[in-house]
Amino acid sequence: MLFIILITLCVVLFIIKFRTSNKNYWRKKNVIQVDDLMNKFFFGNRSMPEVCKTVYDEYDAPHIGTTMGTTPMLMLKNLEDVQAVFAGDFQSFYSRGIKTNPCDVLANNLLFMEDFNTWKLLRQKLSPVFTSSKLKSMFFIIEKCARDFVELVENNQSMRDEPFTASYTYTTGSIGASVFGIDTQTNSSTMDSPFLDMAWKSLEPTTATNIKIFISNVFPKLFELLRFKLFGDYEDFFVGVVKSVMEERRRDPTKRRHGFIEICLEMQKNGVLEDPTTGFQLEPTDELVAAQAFFFFIAGADTTANTIHFTLLELASNPKILNKLHEEIDSIFEPGKKELTYTDVEKLQYLDMVINEAMRKYPPIGFIQRICTKDTVLPSKVRIEKGTGIIIPAYAIHRDERFYPNPDEFDPERFGPNNIADVKKYSFMPFGEGNRVCIGARLARLQVKTGLTWLLRRFTLGEQRYAPERFERSSFGLRDPHARYDLIPRNV
Ligand code: HEM
């Protein structure tokens with residue numbers, strides 16, 4: 001009985017704190033303040049990027065104050081402020097404010113997460129994995145995956161009926177092959193990925209995950225106390241797989257393939273990682289490697305699949321653009337060509353423009369967050385105290401008429417050679433910007449381009465109109481996995 005009273009009291013106190021604290025934080029600073037965004041998200045039916053866009057469009061001001069639980073948050077509309085947060089004043093804004101518990105092996109070891117020293121050292125060590133020359137040497141893996149993807153679509157009506165599943169199968173298989181390498185001796189399809197199930201489950205925006213993210217944001221102390229794990233369900237499976245692959249490669253180096261795991265094995269051979277400027281050290285354990293590999297699936301598979309998906313949905317709505325793209329793609333396929341090269345894919349400039357425009361209209365991550373770690377002042381003169389959150393509403397900025405005339409129109413020419421100079425710096429940020437910009441952006445673009453090239457060589461799209469009323473209720477992304485289009489085989 002006493003226990004129930006105690007729990008009820010705690011809940012009531014939390015609700016009171018939640019509803020009253022910082023309610024007027026921004027008003028006191030003469031900044032427009034709107035109601036708590038978490039409330040709007042939890043009790044509404046829209047994704048967080050859409051919630052932000054509604055608020056963003058409503059007020060003509062350089063920034064809008066709000067709260068997320070007890071944390072005061074400032075939503076930015078001014079690109080100079082966005083630049084300061086992403087890059088110019090990085091020391092005050094390096095943190096994403098995502099809490100993890102030390103017992104959470106996958107989340108706590110991630111490059112994506114919090115601790116500055118760990119992030120800096122991991123970023124230094126992992127960046128070489130994503131250089132153009134490394135990607136060139138891995139291109140044969142990505143290319144094989146793209147061909148397997150098209151074969152999968154050709155041979156399975158169910159994949160044509162659920163095109164998002166097809167794209168997601170491709171991107172998961174492709175990331176799996178890039179991380180673990182592929183055996184060129186066998187003819188098995190890279191689409192039979194053992195990680196597909198895990199990747200699907202880990203991405204479903206379940207209520208339990210949303211609640212954990214909510215508690216980590218709003219009541220970080222409670223999150224610590226309850227020792228919540230963000231990716232706990234996948235820990236044993238994933239750490240186990242990575243450890244056994246690494247063990248196998250150590251035992252039999254002849255089995256070495258080109259992939260992320262090989263680079264990590266080299267890193268482990270060189271012993272403890274050290275930051276030469278600070279002396280900070282990190283042991284490259286199998287768990288650390290497993291956490292990065294796991295995150296490549298989490299960060300890479302859904303985002304690239306959505307990019308492919310939205311690109312195809314817009315192409316089905318814009319037949320002239322689709323025809324122009326078919327012409328460009330056909331131009332690199334001389335008769336009898338069986339495989340693409342890295343240079344072929346590099347040549348496809350119009351495809352780049354189409355993909356950029358799709359990521360502008362539908363940024364897969366439409367809500368980017370930072371937490372201030374040191375008191376500072378933004379260029380628009382607003383004072384930001386340590387602990388305050390910053391919202392960079394990527395989706396709203398990408399659809400802002402001030403930066404993109406007719407923002408709802410799909411027009412790849414915005415990114416063409418004649419107009420690209422008009423795209424304002426920090427108004428286009430599908431991969432974020434500044435020091436914490438997406439480390440996998442180049443790999444992602446290569447995967448998306450290669451997959452689309454093969455798919456649009458073999459298929460065209462039935463004409464339809466795509467104008468969604470709302471997207472899936474995700475806490476950071478734009479997703480519409482049930483939207484579909486008709487894939488029609490081409491006679492080439
Ligand atoms: C179209 C596909 C992708 C999109 C749209 C995307 C977008 C993003 C965005 C918006 C961020 C946050 C940037 C910020 O906070 O400023 C990010 C971070 C990150 N992404 Fe991606 N991403 C994609 C694919 C990938 C892939 C394929 C990988 C890895 C294989 C990857 C790995 C990461 C990592 C590790 C971070 C954290 C970087 C850091 O904190 O230093 N992403 N991504």
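Reader: Two strands pair if DSSP finds at least two bridges between them. So how many bridges join S5 to strand S8?

Author: There are 4 bridges between S5 and S8 (residues 389-392), and the two strands run antiparallel. Helices (H or I, at least four residues) and strands (E, at least two) are DSSP runs, numbered from the N terminus. This is a predicted model, in which local features need pLDDT of at least 70 and side-chain atom pairs count only at pLDDT 80 or more, while totals for chains, interfaces and linings use all residues. Residues are numbered from 1 along each chain as its sequence is written, and side-chain values use heavy atoms, with hydrogens and water left out.

Reader: Which residue is the bridge partner of Ile-371 in S8?

Author: Gly-389.

Reader: And what order do the strands of the open sheet have?

Author: The 4 strands come in the order S1-S2-S8-S5, with mixed pairing. S1 (63-68) and S5 (368-371) each have a single partner strand, so one side of each edge strand has no neighbour in the sheet.

Reader: Which helix lies across S1, S2 and S8?

Author: Helix H3 (residues 48-58) does, running at about 70° to S2 (71-76). Axes are lines fitted to C-alpha atoms, for helices over the stretch in contact (heavy atoms within 4.5 Å). Angles run from 0 to 180 degrees between N-to-C directions. Helix H4 (residues 79-88) also packs on the sheet, touching S1, S2, S5 and S8, and its direction makes about 120° with that of S8.

Reader: Switching to the ligand. What is the protein donor of its iron atom?

Author: Cys-438, through SG at 2.3 Å, is the only one. Donors are N, O and S atoms within 2.8 Å of the metal (3.2 Å for Na, K and Ca); water is not among the atoms, so sites may look incomplete.

Reader: Where does Cys-438 lie?

Author: In the loop between helix H19 (394-398) and helix H20 (441-458).

Reader: How many residues surround the ligand?

Author: 28, counting a residue if one of its heavy atoms lies within 4 Å. Arg-96, Trp-119, Arg-123, Arg-370 and Cys-438 are the closest. Helix H15 (286-317) gives the largest share, 7 residues.

Reader: What about polar contacts, meaning N or O pairs within 3.5 Å?

Author: A polar side-chain atom of Arg-370 lies 2.7 Å from a ligand oxygen atom. For Arg-96, the distance from a polar side-chain atom to a ligand oxygen atom is 2.9 Å.

Conventions. Polar contact = N/O pair within 3.5 Å; in protein donor to acceptor, adjacent residues only side chain to side chain.
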